[in-house]
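Please open the structure in a viewer and keep the selection tool at hand. The tour proceeds from one selection to the next.

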Amino acid sequence: MSKTLTATAIFVVAIGFGIPALTLYYVVHYAFNSIIAGIIIFISIAAACVLGIVGMAISTEEIEHSGGLSSSEIEKLNMMRAHQRATLEEMDEIINLLKEIRDLLKSVGE
């Protein structure tokens, strides 16, 4: 996860949850005006949404410009793909063997 995306997530949580929580705290304990509190909460949640969208857009651009995966990650990915292919081939062989066993059992049962 990129640094921009991490920072964006922290700010979105702080603005989206922190400000409404503090505003509700002041409404309950210090008799802050509830209409103004509602407006502040709405604006903070809207700002958090906009910040989240913009932050994700910027971080995806960084990932595209940075070249994506490193060479070691590409090598690991290719090894995982080869392992998956080998596993699938073994499963195909097992399926064929089970089909043969099924056919033999059907012929014996008849």
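Select Y25, Y26 and Y30 and display their side chains: ring pairs join these three residues into a cluster. The model is a predicted one, and it contains three aromatic pairs.

Keep Y25 and Y30 in view. How are the rings of Y25 and Y30 arranged, and at what distance? Their centres are 6.0 Å apart and their planes meet at 75°, an edge-to-face aromatic pair. The angle is over 60 degrees, so the pair falls in the edge-to-face class.

Next, select Y26 together with Y30. Here the ring centres lie 5.3 Å apart with the planes at 35°, so this pair is tilted. Both Y26 and Y30 belong to helix α1, which covers residues 3-30. They are four residues apart in that helix, about one turn.

Now switch on the molecular surface around the cluster. Are these tyrosines buried or exposed? Y30 has a relative accessible area of 54% and is exposed. Because exposed means over 50%, Y30 passes the cut-off. Y26, at 43%, counts as partly exposed, and Y25, at 39%, is also partly exposed. These two values lie between 20% and 50%, so neither Y25 nor Y26 counts as buried or as exposed.

Then hide the side chains and show the whole protein as a cartoon. Three helices appear, with zero strands. Followed along the sequence, the pattern is α-α-α.

Turn the model to view it along each principal axis. The C-alpha trace spans about 85 × 45 × 20 Å along these axes. How does the radius of gyration relate to that of a compact globule of 110 residues? Such a globule would have a value near 13 Å, whereas the protein has 28 Å.

Colour the residues by accessibility as the next step. What share of the 110 residues counts as buried? The buried share is 11%. The accessible surface of the protein amounts to about 9,000 Å², and carbon and sulfur atoms account for 70% of that area.

Display the contacts between residues at least 6 apart in sequence. Of these contacts, 69% join residues at least 24 apart.

Finally, colour the charged residues. The protein carries 7 positive and 12 negative charges, and the mean positions of the two groups are 2 Å apart.

Notes. Residues numbered from 1 in each chain as written. Predicted model: local features only at pLDDT ≥ 70, side-chain atom pairs only at ≥ 80, totals over all residues. Heavy atoms only, no water. Phe/Tyr/Trp six-rings, centres within 6.5 Å; stacked < 30°, edge-to-face > 60°. Buried < 20%, exposed > 50% of the residue type's maximum accessible area, 1.4 Å probe, protein only. Helix = DSSP H or I, 4+ residues; strand = E, 2+ residues; numbered from the N terminus. Rg over C-alpha atoms; globule rule 2.2 N^0.38 Å. Contact = heavy atoms within 4.5 Å. Areas by Shrake-Rupley, 256 points an atom, 1.4 Å probe, with all protein chains shown as cover. Lys, Arg positive; Asp, Glu negative; His and termini not counted. Charge placed at Lys NZ, Arg CZ, Asp CG, Glu CD.
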